[in-house]
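Here are my notes from going through this one, written as points you can check against the view. Have the sequence open alongside.

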Amino acid sequence: MTFAVDPWKFHAHPEVWLLVASIVGLALFATRVIGPKVVRDGSPIVTGWQKLWFTSGVLIMWAAADWPIHDIGEKYLYSVHMAQHLLLTMVVPPLFLLATPTWLARLIVGDGWFAGHIIRRLCRPLVAGLLFNAAFVLVHWPALVNASVQSAPLHFSLHVMLVSTALLMWMPICGPLPEMRLSLPGQMLYLFLQSVIPTIPSAWLIFAEKPVYHAYDTAYHLWGIDPVTDQQIAGVMMKLGEAFYIWGLILVLFFKWSSRHMEAERAGIVVTEREVLTWDEVRTELDELARHGPPAPTEPTSN
C-alpha cells in the first residue's frame, strides 16, 4: 500500500516559535527595562538601524528554521538544507551582532573570569574562525547528516551549534565591542580566508558521482531533482553563493576603508587603522551632525 507524498503539508515547529518569542522577549526586556537604567547620557538606547537589523535577523532566522524551508531541507532536498545553513551562519549572526548595542554587549560579556576571559578568547579571529569552520564541516559529515534528519532534537542542536560558532566568527567583523573588531584590512583578509575554506567540502559534493547522503536518496524527487544533482547544487551554493556574498562584503569594507582615509586626508587628520575602525565614534559624530548641523566656520586670525 502506497501513500501520496505531500512535501508542502504544514508541520508545526513549536520549538522554533518558542525560540523566536524568547529572543524578542529578551530584546524588549533589555531595551525597555535594563536600557533606561544603564544609558543615562541622553544617547539612544537603540538606534533605528539596530531595530531594523534585529527585525531582519529575527524574520530571516524564523523563515530558515520553520516550515516550509526546514521541512523541505530536512526530508527532500539537501540543497534547501544548505540554503538554510547559509542563512543561519552567513546572514542571521551578523544582523544580530549589528543590532546589539555596545552597552548591552558589555553587560553580557562583562569583566568576570568566565565571560570576560573565555568569551573574549573564543572571539579571537584564529580561534573563532577555526571553531566555526570545524562546526560547518562537521554538520556536513554524511553520518551526522543522515542521523540529524531523523532526529529533530539532534537537528535543532546542530543548528544551535552552527549559529553559536557563527556569532563568534562574525565578532571580529561586526561585533558590538569596538576593541574586539579587526582593522578594516584585517577584516578583509579574515573574510577572504573564510571564502577559501569551504572549497574542500563543496568540491566533494560537486564532483561526487553517487549520492553522498542516503537520507536524501529516496524514490520521490521534489521538482524532479535527483539526489546527485541536488548535492551538486548544494556544493555550488556552498562555494559560489558564499564566495559572492563574502566578496561583496570585502568590496564594501574596501570602499569604506578608502573613503575614510580620503576624508581624513582632506581634513588633514592622521588616523590609525584602529581609529578608522571605531564605528561607534563615527555614529556619534553623525548623530551630532544630524541634531546640530555642521559647525560654523571659524574666522581666520590675523597676526
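The points below go from the overall fold to the pocket, the surface and a few local details.

1. First, a reminder that this is a predicted model. The secondary structure is 14 helices and zero strands, so read along the sequence the pattern is just α repeated, α-α-α-α-α-α-α-α-α-α-α-α-α-α. Of the 303 residues, 41% count as buried.

2. Now for the pocket. The largest one holds about 1500 Å³ of space, and its lining runs to 48 residues. If you want to centre your view on it, pick Ile23, Phe54, Phe96, Thr100 and Leu167, the lining residues that lie nearest the centre.

3. Which helices supply at least two residues each to that lining? They are H1 (14-38), H2 (48-65), H3 (69-75), H4 (78-99), H5 (102-109) and H9 (152-174). H1 has the largest share, with 13 residues. As for chemistry, the lining divides into 35 nonpolar, nine polar and four charged residues.

4. H5 deserves a second look, as its name comes up again below. Besides adding to the pocket lining, H5 has Thr102, Trp103, Leu104, Ala105 and Val109 as buried residues. Arg106, in the same helix, is partly exposed, because its relative accessible area of 40% falls between the 20% and 50% cut-offs. After H5 comes Gly110, with a positive phi near 65°.

5. On to the charges. How many salt bridges does a search of the whole structure find? The count is two. One is between Arg106 and Glu179, where the closest N and O atoms are 2.8 Å apart. This pair links distant parts of the chain: Arg106 sits in H5, Glu179 in the loop between H9 and H10 (184-196), and 73 residues separate them.

6. The other bridge joins Arg120 to Glu179, with the closest N and O atoms 3.6 Å apart. Arg120 lies in H6 and Glu179 in the loop between H9 and H10, so this pair ties together parts that are 59 residues apart in sequence. Put the bridges together and Arg106, Arg120 and Glu179 form a linked network. Glu179 is partly exposed, with a relative accessible area of 40%, and Arg120, at 25%, is partly exposed as well.

7. There is also a greasy bit of surface to inspect. Leu122, Leu126, Val127, Leu130 and Leu131 make a nonpolar surface patch of about 430 Å². Helix H7 (residues 125-138) gives the most to this patch, with four residues. Residues three or four places apart in an α-helix point the same way, because there are 3.6 residues a turn. Leu122 belongs to H6 (residues 113-122). Why does Leu122 qualify for the patch? Patch members need over 30% relative accessible area, and Leu122 has 31%, so it makes the cut as a partly exposed residue.

8. Two backbone details are worth checking by eye. Most residues other than glycine have a negative phi, and most peptide bonds are trans. The peptide bond joining Trp67 and Pro68 is cis, with omega about 5°, and Pro68 lies in the loop between H2 and H3. Then there is Trp223, which has a positive phi of about 60° although it is not a glycine. Trp223 is in the loop between H11 (199-207) and H12 (227-267). Buried or exposed? Trp223 counts as exposed, since its relative accessible area is 55% and the cut-off is over 50%.

9. Last, a contact to look at around the start of H12. Val228 lies in that helix and counts as buried, because its relative accessibility of 18% is under 20%. The C-alpha atoms of Val228 and Pro211 are separated by 5.3 Å, while the two residues are 17 apart along the chain.

Definitions and conventions
Residues numbered from 1 in each chain as written. Predicted model: local features only at pLDDT ≥ 70, side-chain atom pairs only at ≥ 80, totals over all residues. Heavy atoms only, no water. 1 Å grid on protein atoms, 1.4 Å probe; cavity = no way out; pocket = protein on both sides within 12 Å on 5 of 7 lines; lining within 4 Å. Points joined across faces, edges and corners; volume = space filled by probe spheres on them. Nonpolar A, V, L, I, M, F, W, Y, C, P; charged D, E, K, R; others polar. Patch = residues over 30% accessible without salt bridge, like charges linked within 9 Å, V, L, I, M, F, W, Y side chains within 5 Å. Areas by Shrake-Rupley, 256 points an atom, 1.4 Å probe, with all protein chains shown as cover. Salt bridge = Lys/Arg side-chain N within 4 Å of Asp/Glu carboxyl O. Buried < 20%, exposed > 50% of the residue type's maximum accessible area, 1.4 Å probe, protein only.
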